[in-house]
Amino acid sequence: MIKLEASKMTKAIEKAKAIHPRVSCIGERTYKVTSSDGKGSYTVRFVVSNGLKLAECDCKAGKVSQVCFHVAAASAVNIGLQRMKQQVAAAPAAPPSPVAIPSPTKPQPKFNPARIVYSVYVCPNTLRRIPACTVDGWNV
Ligand SMILES: [Zn+2]
């Protein structure tokens with residue numbers, strides 16, 4: 001097991017940035033990281049035990065409990081994924097869809113006489129009084 005400590009990770013992070021291995025999530029906190037030549041891959045697993053963040057990698061360095069770039073690369077992905085999971089868990093339940101699908105059985109609104117407004121419009125040119133009628137603000 002490799003104890004994840006920022007001071008020990010610096011070099012491994014630099015190497016991971018230089019090599020830029022492919023990291024794929026293959027299980028709960030378990031990742032497959034490509035080797036430096038890109039031909040093979042190693043499995044990195046993260047464990048939190050007694051508040052300690054631990055990792056293991058099946059590469060040569062990982063087997064002797066050295067922080068390798070596989071662990072550094074996978075930890076970046078792991079941190080991102082765990083944060084996303086926390087955000088999803090912390091987020092309130094999704095609100096109902098804002099798109100209301102009209103129900104075909106919904107009755108049509110009844111005719112409301114209050115929607116009709118009769119008024120008298122005075123033409124500014126001829127000064128003639130023209131009766132006007134609007135429904136919901138629209139001239140009819
Ligand atoms: Zn490794």
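**Exercise 1. How many bridges join β6 to strand β7, and in which sense do the two strands run?**

Solution. The model is predicted. Start with the pair itself.

- Step 1. Strand β7 covers residues 129-135, and seven bridges join β6 to it. The two strands run antiparallel.
- Step 2. Check one end of the pair. Val122 has Arg129 of β7 as its bridge partner.
- Step 3. Check another bridge. Ile116 has Val135 of β7 as its partner.
- Step 4. Look at the link. β6 and β7 form a hairpin, with six residues between them. In that turn, Leu127 has a positive phi of about 60 degrees.

**Exercise 2. Place β6, β7 and β8 in their sheet. Which strands stand at the edges?**

Solution. Work from the pairings to the order.

- Step 1. β7 also pairs with β8: two bridges join them, and they run antiparallel. Val135 stands opposite Trp138 in β8.
- Step 2. β7 and β8 form a hairpin too, with two residues between them. Asp136 in this turn has a positive phi of about 55 degrees.
- Step 3. Write the order: β6-β7-β8, an open sheet of three strands with antiparallel pairing. β6 (116-122) and β8 (138-139) stand at the edges, because each has a single partner strand. One side of each is therefore left without a neighbour in the sheet.
- Step 4. Ask how well β7 is covered. Of its seven residues, the count of buried ones is zero, so β7 is hardly covered.

**Exercise 3. Describe the sheet of five strands. What packs on this sheet?**

Solution. Find the order, then the edges, then the helix.

- Step 1. The order is β1-β5-β4-β3-β2, in an open sheet with antiparallel pairing.
- Step 2. β1 (2-3) and β2 (23-27) stand at the edges. Each has a single partner strand, so one side of each lacks a neighbour in the sheet.
- Step 3. Take the β2 edge. β2 pairs with strand β3 (residues 30-34) in the antiparallel sense, over four bridges. Cys25 stands opposite Tyr31 in β3.
- Step 4. Add the helix. Helix α3 (residues 69-90) packs on the sheet and touches β1, β2, β3, β4 (41-49) and β5 (52-57). The direction of α3 makes about 135 degrees with that of β3.

**Exercise 4. Classify the crossing of α1 and α3. Which residues make the contact?**

Solution. Use the angle, then list the residues.

- Step 1. Helix α1 covers residues 6-19. The axes of α1 and α3 come within 8 Å and cross at roughly 80 degrees.
- Step 2. Angles of 65 to 115 degrees count as roughly perpendicular, so α1 and α3 are roughly perpendicular to each other.
- Step 3. From α1, the contact uses Met9, Ala12, Ile13, Lys15, Ala16 and Ile19. From α3 come Phe69, Val71, Ala72 and Ala73.
- Step 4. Sort the contact residues by class: nine are nonpolar, none is polar and one is charged.

**Exercise 5. Is Ala61 buried, exposed or partly exposed?**

Solution. Locate the residue, then count.

- Step 1. Ala61 lies in helix α2 (residues 60-63).
- Step 2. Ala61 has 16 C-beta neighbours inside 10 Å, so this residue counts as partly exposed. The cut-offs are 20 or more for buried and 12 or fewer for exposed.
- Step 3. Leave out residues up to four places away in sequence. Ala61 then touches Gln66 and Cys68.
- Step 4. Look further along the chain. Ile2 is 59 residues from Ala61, and their C-alpha atoms are separated by 9.9 Å.

Conventions
Residues are numbered from 1 along each chain as its sequence is written. This is a predicted model: local features need pLDDT of at least 70, side-chain atom pairs count only at pLDDT 80 or more; totals for chains, interfaces and linings use all residues. Two residues are in contact if their C-beta atoms, placed from the backbone, lie within 7 Å. Two strands pair if DSSP finds at least two bridges between them. Axes are lines fitted to C-alpha atoms, for helices over the stretch in contact, and angles run from 0 to 180 degrees between N-to-C directions. Angles under 35 degrees count as roughly parallel, over 145 as roughly antiparallel, 65 to 115 as roughly perpendicular and the rest as oblique. Ala, Val, Leu, Ile, Met, Phe, Trp, Tyr, Cys and Pro count as nonpolar, Asp, Glu, Lys and Arg as charged, and the others, Gly among them, as polar.
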